[in-house]
Amino acid sequence: MGDMNARLHEQFVGESLCQQENLTFGVSTDDPRDKSEERVIQVCRKLGLPQRLLSRTALAQTAFNWLEVLSEHELQLLTFARGFIANPNVLVMHTPTLGFDQQMATHVLTTMREFVDCKGVALDDSQRASRRPRTCIFSSVRAQGLQVADQVVLCDRNGFHEVPKEVAPDALESMLLAHQGSLSAA
């Protein structure tokens, strides 16, 4: 997984970009507040990024190789931050909490929930009503991810099945146990 994350990150992180430019890459609005240092820092804090990456100096720094400067988890969080800062109408995330401890997973999930509820992250609340709705589609193998979902769809050998949110954690656990059992038998 680390090699794939590194390759994906290399596609988006230019060596000549400072961290601030990197994080605001893809922001399509003309409103300078959407690309502001204050908003970038606010989104990064919500995701639980370490303070050493959020100082004015760190945001202005151009690293020679981000893959050598940042840990895999920091790269993953910066990629998520870039998505939230760009504020697309639909954000798709594959297993966004995989590899994180419960605290970091909570930061990610809470930020995803804010993205949907507030029609963006760290944006002016007074303009929320004028913004279009936001959707976040994500996959999860952890029951913790199901808690923030509005709708849960499980995928098994028989296809996709919508599951009531109240029973989704038990259904996911049963599905994962059945999958592990089939792998053990093989």
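Modeller: In this predicted model, a residue is called buried if its relative accessible area is under 20%, exposed if the value is over 50%, and partly exposed in between.

Biologist: Why is Glu-114 called buried?

Modeller: Glu-114 has a relative accessibility of 18%. The limit for a buried residue is under 20%, and Glu-114, at 18%, therefore counts as buried. This residue is placed in helix α7.

Biologist: What makes the pair of Glu-114 and Lys-46 a salt bridge?

Modeller: The closest N and O atoms of Glu-114 and Lys-46 are 3.0 Å apart. A salt bridge requires a side-chain nitrogen of Lys or Arg within 4 Å of a carboxyl oxygen of Asp or Glu, so the pair, at 3.0 Å, qualifies. It links distant parts of the chain, for Glu-114 belongs to helix α7 and Lys-46 to helix α3, with their positions 68 residues apart.

Biologist: Why is Lys-46 called partly exposed?

Modeller: Lys-46 has 28% relative accessibility. Partly exposed residues fall between the limits of 20% and 50%, and Lys-46 is therefore partly exposed.

Biologist: Which other residues does Glu-114 contact, its neighbours within four places in sequence being left aside?

Modeller: Apart from those neighbours, Glu-114 is in contact with Lys-46, Lys-119, Gly-120, Val-121 and Ala-122. A polar atom of the Glu-114 side chain lies 3.3 Å from the backbone nitrogen of Ala-122. Lys-119, in the loop between α7 (102–117) and β2 (135–138), has a positive phi near 60° and is not a glycine.

Biologist: How do you know that Glu-74 and Arg-52 meet in a salt bridge?

Modeller: Their side chains come to 2.4 Å, N to O. The limit is 4 Å, so this pair meets the criterion. The two residues are 22 positions apart and connect distant parts of the chain: Glu-74 lies in helix α6, whereas Arg-52 lies in the loop between α3 and α4 (56–60).

Biologist: Is Glu-74 buried or exposed, and what value decides the matter?

Modeller: Glu-74 has 10% relative accessibility, and therefore counts as buried. Its partner Arg-52 has a relative accessible area of 48% and is partly exposed, because the class of exposed residues starts at values over 50%.

Biologist: Why is Asp-125 called exposed?

Modeller: The relative accessible area of Asp-125 is 52%. An exposed residue must have over 50%, so Asp-125 is exposed. Asp-125 forms a salt bridge with Arg-128, and their closest N and O atoms are 3.1 Å apart. Arg-128, with 27% relative accessibility, is partly exposed.

Biologist: How many salt bridges does the structure hold, and which residues are linked in a network of them?

Modeller: The structure holds 5 salt bridges. Arg-113, Asp-117 and Asp-150 are linked in a network.

Biologist: Why is Met-112 called buried?

Modeller: Met-112 has a relative accessible area of 2%, and so it is buried. Met-112 is in helix α7. Leaving aside neighbours within four places in sequence, it is in contact with Phe-84, Met-93, Pro-96, Cys-136 and Phe-138. Met-112 and Ala-149 are 37 residues apart in sequence, with their C-alpha atoms 9.4 Å apart.

Biologist: Why is Asn-87 called buried, and where does it lie?

Modeller: Asn-87 has 15% relative accessibility and therefore counts as buried. It lies in the loop between α6 (72–86) and β1 (90–93). Although it is not a glycine, Asn-87 has a positive phi of about 55°.

Biologist: Which residues form a nonpolar patch on the surface?

Modeller: The patch consists of Val-90, Val-92 and Ile-137, which together have about 280 Å² of accessible area. Val-90 is placed in strand β1. Patch residues must have over 30% relative accessible area; Val-90, at 46%, is partly exposed and so passes that limit.

Biologist: What makes β3 and β4 a pair of strands?

Modeller: Strand β3 (residues 152–156) and strand β4 (residues 159–163) share 5 bridges in the antiparallel sense. Pairing requires at least two bridges, so the two strands pair. A hairpin of 2 residues joins β3 to β4, and Asp-156 stands opposite Gly-159 in β4.

Biologist: How many helices and strands are there in the chain, and what part of its residues counts as buried?

Modeller: The chain has 9 helices and 4 strands. Of its 186 residues, 39% count as buried; among them are Arg-39, Val-40, Ile-41, Val-43 and Cys-44 in helix α3 (residues 37–46).

Notes:
Residues are numbered from 1 along each chain as its sequence is written. This is a predicted model: local features need pLDDT of at least 70, side-chain atom pairs count only at pLDDT 80 or more; totals for chains, interfaces and linings use all residues. Side-chain values use heavy atoms; hydrogens and water are left out. Buried means under 20% relative accessible area, exposed over 50%, partly exposed in between (1.4 Å probe, protein chains only). A polar contact is a pair of N or O atoms within 3.5 Å; within protein, one must be able to donate a hydrogen and the other to accept it, and residues adjacent in sequence count only if both atoms are side-chain atoms. Contact means heavy atoms within 4.5 Å. Patches are made of residues with over 30% relative accessible area and no salt bridge: like charges are joined within 9 Å, nonpolar side chains (Val, Leu, Ile, Met, Phe, Trp, Tyr) within 5 Å. Accessible areas come from the Shrake-Rupley method with a 1.4 Å probe; for residues, only the protein chains shown count as cover.
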